[in-house]
Amino acid sequence: MRVRVDRTKCRGHGVCCVNAPDIFTIGDDDHAYVENEVVAPGREEDALMGARNCPEQAIYVH
Ligand code: SF4
């Protein structure tokens, strides 16, 4: 599974970082990013939850 953030849509709410701080990080520009697009084994559900709960629908999981 892979996850990425469309930083042009991200508004920096930080919801994703609260739910899965080991997957999502807020950068110095107040937009979220993922350090590693490949989701670690066992972390798939939190990556999906981040995508579901993003108010801007800026997170893509595939
Ligand atoms: S929840 Fe969505 S809009 Fe908010 S910081 Fe995360 S990716 Fe950006």
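Mentor: Quick definition first: the radius of gyration is taken over C-alpha atoms, and the globule rule is 2.2 Å times the number of residues to the power 0.38. This is a predicted model, where local features need pLDDT of at least 70, side-chain atom pairs count only at pLDDT 80 or more, and totals for chains, interfaces and linings use all residues. Residues are numbered from 1 along each chain as its sequence is written.

Trainee: So what radius of gyration does the protein have?
Mentor: The protein has 62 residues, so a compact globule would come out near 11 Å. The protein agrees with that, at 10 Å.

Trainee: In what pattern do the helices and strands follow along the sequence?
Mentor: Count DSSP runs: helices are H or I of at least four residues, strands E of at least two, numbered from the N terminus. That gives 2 helices and 4 strands. Read along the sequence, they go β-α-β-β-α-β.

Trainee: How many residues make up the largest nonpolar core?
Mentor: A core is a set of buried Ala, Val, Leu, Ile, Met, Phe, Trp, Tyr and Cys residues joined through C-beta atoms within 7 Å. Buried means 20 or more other C-beta atoms within 10 Å of a residue's own, with C-beta atoms placed from the backbone. Val3, Phe24 and Ile59 are among the members, and the total is 12.

Trainee: Which residues are closest to the ligand?
Mentor: Near means a C-beta atom, placed from the backbone, within 6 Å of the molecule. By that rule 15 residues surround the ligand. The closest are Cys10, His13, Cys16, Ala32 and Cys54.
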